[in-house]
Amino acid sequence: MSTLLRLLGRRIAVLPFMLLGVTILVFLVLQVAPGDPATFVLGPDASEDAKNAWREARGLNDPLIIQFFHYVARLVTLNFGVTNPPEEPVGIRIAAAFPVTLQLTLLGVLIAVVISLVLGILGALYRDKWPDQLIRVFSIAAIATPSFWLGILLIQWFALPKGSLFPVGGMAWAEQYGFVGWAYSMALPALALGLPVAASLIRVVRTSMVEELDKDYVRTAIGNGVPYRTVVAKNVLRNALVTPVTVLGLRVGYLLGGAIVIERIFDLKGMGGLIINGLNGKDVNLVAGGVITIAATFVLVNIVVDVLYLLINPRIRTV
């Protein structure tokens with residue numbers, strides 16, 4: 001328990017510095033991005049005096065370092081500012097969009113974990129036999145398939161044909177049929193998001209399982225009469241999950257980024273639409289708030305992965 005607390009303490013202590021680094025990067029990138037927010041909001045025919053007054057009211061004429069400190073001061077109180085007209089608190093927009101992205105990402109993670117565990121374990125147990133060869137071909141093909149292209153294919157195959165079981169896009173079925181409608185609405189986008197990640201994890205799970213199956217303790221346990229299935233389920237699988245869990249934590253960033261694209265394809269009102277609308281409208285507060293929220297989520301997820309790594313691998317608790 002003391003090791004777990006020390007790990008949490010170190011990760012939480014580093015968290016503010018990581019978020020500060022992300023904030024600096026996002027703020028600087030948006031500052032050098034082409035386009036003038038005042039011109040976009042007021043129109044190209046607006047006078048320079050009107051544009052300058054608009055910038056002055058929002059502190060955009062202040063030195064860059066002053067603007068940054070004002071922005072960080074607002075972030076400390078979870079105040080992301082307001083959007084361009086019609087003005088609305090950015091926090092309200094994020095609160096409406098983020099749950100959709102979080103649901104899609106978690107479903108993508110669930111699909112990736114289930115598929116990778118089942119196929120990775122089967123590949124290891126039947127190594128170099130025909131099931132392993134088929135799984136290897138499937139994983140290579142799925143890795144080479146971009147999520148956005150897979151999403152388009154899924155729509156063409158399962159959503160557009162007349163009488164299909166899945167909606168074309170959006171969450172309309174969720175509002176009409178409750179949980180069942182929500183599951184149908186999220187099934188295709190979650191599959192498009194999670195399948196490429198599952199394909200990469202299959203190889204990791206298989207390799208870890210093969211390495212554990214070849215260790216001496218497995219042969220010793222089987223030689224002492226312990227059933228093979230028991231050894232695999234209670235010992236091999238737990239030890240083999242250490243590396244896949246670590247890799248999965250790194251893939252969460254890919255899933256969050258991929259969710260932004262998948263949301264646009266399936267017309268889901270998540271963070272993807274929010275950030276893209278902010279970019280199109282030169283809305284610095286909206287884009288910065290969305291990107292920082294996603295970055296903070298990724299950092300928090302990796303803290304959870306570190307804890308899971310410690311729980312799965314008890315040998316580290318004594319380090």
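Is E212 buried, partly exposed or exposed? E212 is buried, at a relative accessible area of 7%, where buried means under 20%, exposed over 50% and partly exposed in between (1.4 Å probe, protein chains only).

## About the model

This is a predicted model, in which local features need pLDDT of at least 70 and side-chain atom pairs count only at pLDDT 80 or more, while totals for chains, interfaces and linings use all residues. Residues are numbered from 1 along each chain as its sequence is written, and side-chain values use heavy atoms, with hydrogens and water left out.

## Salt bridges

Searching the whole structure turns up seven salt bridges; the term stands for a side-chain nitrogen of Lys or Arg within 4 Å of a carboxyl oxygen of Asp or Glu. In one of them, E212 pairs with K215, with N and O 2.9 Å apart. K215 is partly exposed, its relative accessibility being 36%, whereas E212 is buried.

Another salt bridge joins R127 to D214, at 3.1 Å from N to O. This pair ties together distant parts of the chain, 87 residues apart: R127 sits in the loop between α5 (90-125) and α6 (130-143), and D214 in the loop between α8 (172-213) and α9 (216-223). Helices here are DSSP runs (H or I, at least four residues), numbered from the N terminus. Both partners have some access to the outside: R127 is partly exposed at 29%, and D214 is partly exposed at 40%.

## A network involving helix α6

Helix α6 holds a salt bridge of its own, between R136 and D132, whose closest N and O atoms are 3.3 Å apart. The two residues lie four apart in the helix, about one turn. How accessible is D132? D132 is buried, with a relative accessible area of 0%, while R136 is partly exposed at 26%. These two residues also belong to a wider arrangement, since salt bridges link D132, R136 and R206 in a network.

## Where α11 meets α12

Turning to helix packing, the axes of α11 (residues 242-265) and α12 (residues 271-280) come within 7 Å and cross at roughly 90 degrees. Axes are lines fitted to C-alpha atoms over the stretch in contact, with angles from 0 to 180 degrees between N-to-C directions. The two helices are therefore roughly perpendicular, a label for angles of 65 to 115 degrees.

On the α11 side, the contact (heavy atoms within 4.5 Å) is made by I260, E263 and R264. From α12 come M271, G272, G273, I275, I276 and N277. By class, the contact has four nonpolar, three polar and two charged residues; Ala, Val, Leu, Ile, Met, Phe, Trp, Tyr, Cys and Pro count as nonpolar, Asp, Glu, Lys and Arg as charged, and the others, Gly among them, as polar.

Methods:
Parallel < 35°, antiparallel > 145°, perpendicular 65-115°, else oblique.
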